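Subject: Structure for your reading, with notes

Dear colleague,

I am handing over the structure we spoke of, and below it you will find my notes on what was found. Please read them with the structure open beside you.

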Amino acid sequence: MVAKELEALLSENRRFKPSEEFQSKANATSDAYKESSEDRLGFWAKQSERLTWFEPWTEVLDWKPPFAKWFIDGKLNACYNCVDRHLKTWRRNKAAIIFEGENGDGRVLTYQDLYREVSKFANVLKSLGIKKGDRVTIYLPMIPEAVIAMLACARLGAPHSVIFGGFSAESLKDRINDAQAKVLITSDGSFRKGNVVPLKANADTALLGVNCIEHVVVVKRTENKVQMQEGRDLWYHELMKDAKIVCPAEPMDAEDMLFILYTSGTTGKPKGVVHTTGGYMVGVSTTHDWVFDLKEDDVYWCTADVGWITGHSYIVYGPLANGATVFMYEGTPDYPAKDRFWELIEKYRVTILYTAPTAIRTFMKWGPNYPQERDLTSLRLLGSVGEPINPEAWIWYHKYIGGERCPIVDTWWQTETGMILMTPLPGVTETKPGSCTVPFPGVKMEIIDQAGNPVPKGSGGFIVAREPWPAMLRTVYNDPERYVSTYWSNWEGVYFAGDGAKWDEDGYFWILGRVDDVINVSGHRIGTAEVESALVDNSMVAEAACIGKEHDVKGQAVVCFVTLKEGFKVMDGLDDELKKHVAKKIGALARPEDIFFTAELPKTRSGKIMRRLLRDIAEGRALGDVSTLADASVLDFLKKKYNEEE
Ligand code: WTA
């Protein structure tokens with residue numbers, strides 16, 4: 001986001017207070033801020049009582065920067081907390097998951113049903129040799145089996161690594177190899193806008209480059225024809241037929257790994273972010289309860305895919321630990337028609353909706369008629385996550401979806417943070433459109449400048465945390481050095497999130513977006529280095545530099561500048577070919593918006609590509625500091641070329 005927009009943001013002076021009625025019934029009150037600031041660890045100790053522990057912990061926190069351990073010696077099981085313990089209460093027959101498929105088919109799983117399916121599948125995994133500590137990769141559509149598979153892994157203490165179904169075979173291969181997973185769970189396909197995405201075929205391609213996988217479990221979803229490799233590939237429904245229902249939940253140490261989730265960083269190689277059990281579960285259940293003000297009769301819908309952290313923390317672990325009814329939808333918002341979300345809210349009387357700014361901006365583009373023709377009066381709370389929400393989208397969401405009565409929680413957090421760190425409390429905090437407001441109780445965030453000094457109110461800098469929080473990542477899988485160097489080395493002993501922000505006179509945070517080489521496309525993180533290495537992998541490409549360009553709907557779009565090898569000429573259709581190449585290598589989500597060909601890229605004298613200048617060119621701004629540029633003529637050329645092609 002550029003300075004002029006920031007100025008516009010900070011002059012945003014609309015304020016929204018929760019209604020008296022909402023305030024009077026809210027789960028969290030302003031006492032939470034007071035209590036947690038007086039005794040932060042005592043606050044988290046108290047929150048840990050939300051969970052069922054097999055053995056109590058002895059110490060809240062062991063902090064040897066940058067390594068934190070929470071709830072020392074405590075023993076628990078995440079699956080037990082999400083499923084088993086509810087069976088002892090009336091929730092036994094409560095809907096845990098209400099599912100609707102893209103084609104309108106549906107299923108409801110009560111907590112009792114979920115228990116049965118999860119335990120059976122845990123026994124299936126056991127029979128395939130999975131035990132505590134083994135990694136399992138999950139590559140599934142948004143169907144209940146994805147949740148069942150995750151919980152079954154958690155039940156056995158086998159860390160799962162869920163790969164978003166939009167990732168390519170090659171991305172899947174790299175992530176399976178990095179985790180050295182023993183079992184892969186996938187499906188014959190996934191429905192997408194009336195077509196079938198061949199997940200199993202992708203998996204087969206991925207496995208050509210993998211040695212660690214012993215078995216592939218295949219869920220039948222689309223009836224798409226697939227190849228089953230004798231001995232390796234097994235049908236989910238056949239394995240489940242005879243599986244036993246009783247499978248004890250493994251007692252896990254609070255610091256035992258719950259899952260690995262890969263995310264893009266500033267190098268070409270995605271990082272396996274590691275989350276553990278105790279702190280993570282305390283963090284996600286507390287935030288889920290308070291941020292979404294969860295009530296027993298809510299129908300809660302988070303539109304993320306389980307393949308992202310939002311799905312892990314706020315479709316699966318937080319809501320189910322809290323005994324929520326989770327609505328789960330397989331498809332996209334525009335299939336079969338552009339009112340699909342509103343149809344579903346009307347049909348299931350959804351009360352809480354948690355979605356992304358990119359979706360909201362898309363709905364704005366389609367116009368208010370679609371929501372207006374549906375009954376959305378069941379909604380009582382709205383949430384936003386994944387990227388900065390511009391005030392215009394915020395107001396639209398408030399007006400057309402929330403009927404001007406629903407508080408909006410704009411929640412800032414990351415794969416690495418595991419839980420929401422900055423957010424309004426819906427019954428307490430006065431909101432300002434475009435601001436994620438203040439840190440959650442028990443969380444401390446700061447904005448510092450390059451020198452590491454806190455910036456005064458009214459100015460901007462880098463978002464950091466000095467104190468650990470329960471759900472924080474513990475390490476990068478198999479690469480503790482990368483954990484230290486990526487997150488804790490910019491300033492000694494300080495966690496750097498990679499985002500820039502300002503805070504205003506009231507201490508409210510306004511996120512400016514990533515300040516590192518990560519592009520946030522429709523809320524999906526893509527490393528510029530990943531796209532660049534996909535491009536140079538093409539035999540014609542010599543060099544590539546990618547940047548994020550502002551985009552009305554997606555927030556940011558990937559724009560690439562490419563030089564070709566000697567002997568290759570720019571031909572018609574070459575940009576499309578390279579776009580396809582990137583989509584094939586990484587996944588459609590990384591497909592570049594624009595590709596520009598140039599003879600040279602602007603570089604520093606030491607040979608580093610100056611992306612900042614490319615961003616200036618792509619966004620049509622006056623060029624920033626060019627004093628370190630090796631060859632200034634490159635810029636004029638690029639600028640001219642870019643303007644011609646636009
Ligand atoms: C961005 C998603 C502004 C931010 C949960 C962060 C946001 C990155 C917000 C993490 C928000 C997330 N306002 N920006 N409310 N929420 N972001 O790991 O740049 O997929 O660093 O986690 O998304 O993306 P990730």
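I begin with the ligand, where a polar side-chain atom of D410 lies 2.7 Å from one of the ligand's nitrogen atoms. Please keep in mind throughout that this is a predicted model, and that the distances and areas below are therefore computed from predicted coordinates. On the backbone side, an N or O atom of G386 lies 3.1 Å from a nitrogen atom of the ligand, while an N or O atom in the side chain of R525 is 2.8 Å from a ligand oxygen. Taken alone the ligand would expose 530 Å², and the protein buries 97% of that area. The elements that contribute two or more residues to the shell around the ligand are α12 (309–321), β20 (408–411) and β25 (509–514). In total 17 residues surround the ligand, the closest being D410, T411, T415, R514 and R525.

The next part to look at is a set of parallel strands, which I followed from one strand to the next. Strand β6 (residues 136–139) runs parallel to β8, and four bridges join the two; within this pairing, I138 stands opposite I185 of β8. On to the next pairing, β8 and strand β11 (residues 215–219) are also joined in the parallel sense, here over five bridges, with V218 of β11 as the bridge partner of T186. From β11 three bridges lead to strand β12 (residues 233–235), again with the strands running parallel, and V216 stands opposite D233 of β12.

How much of β8 and β11 is buried? For β8 (residues 183–187), five of the five residues are buried, so the strand is largely enclosed by the rest of the structure. The same reasoning holds for β11, where five of the five residues are buried and the strand is therefore largely enclosed by the rest of the structure. In a regular strand the side chains alternate between the two faces of the sheet. In β8, V183, I185 and S187 point one way and L184 and T186 the other, and all of them are buried; in β11, H215, V217 and V219 point one way, V216 and V218 the other, and these too are all buried.

Turning to the aromatic residues, the structure holds 43 aromatic pairs. The rings of W301 and Y329 have centres 6.3 Å apart and planes at 90 degrees, so this pair counts as edge-to-face, the cut-off for that class being over 60 degrees. The pair links distant parts of the chain, since W301 belongs to strand β16 (residues 299–302) and Y329 to strand β17 (residues 325–329), 28 residues apart. Both W301 and Y329 are buried, and both belong to one aromatic cluster that is formed by W301, F327, Y329, F341, W342, Y348, F363 and W366.

A contrasting geometry is found in Y483 and Y487, whose aromatic pair is tilted, with 6.2 Å from centre to centre and 50 degrees between the planes. Both of these tyrosines lie in helix α17 (residues 480–487), four residues apart, which is about one turn of the helix. An α-helix has 3.6 residues a turn, so residues three or four places apart point the same way. Y483 is buried at a relative accessible area of 0%, and Y487 counts as buried at 3%.

Two lysines are placed over aromatic faces: K432 lies over the face of Y508, at 4.3 Å from the ring centre, and K457 lies over the face of W503, at 5.6 Å from the ring centre.

Two further points concern helices. In helix α18 (residues 528–536) seven of the nine residues are buried, so the helix is largely enclosed by the rest of the structure; the buried residues are T528, A529, E530, V531, E532, A534 and L535. In helix α11 (residues 278–291) we find V282, which is buried with a relative accessible area of 0%. V282 and M419 are 137 residues apart in sequence, and their C-alpha atoms are 9.5 Å apart in space.

With best regards

Definitions and conventions: Residues numbered from 1 in each chain as written. Predicted model: local features only at pLDDT ≥ 70, side-chain atom pairs only at ≥ 80, totals over all residues. Heavy atoms only, no water. Phe/Tyr/Trp six-rings, centres within 6.5 Å; stacked < 30°, edge-to-face > 60°. Buried < 20%, exposed > 50% of the residue type's maximum accessible area, 1.4 Å probe, protein only. Lys NZ or Arg CZ within 6 Å of the ring centre and 35° of its normal. Pairing = 2+ DSSP bridges. Near = heavy atom within 4 Å. Polar contact = N/O pair within 3.5 Å; in protein donor to acceptor, adjacent residues only side chain to side chain. Areas by Shrake-Rupley, 256 points an atom, 1.4 Å probe, with all protein chains shown as cover.
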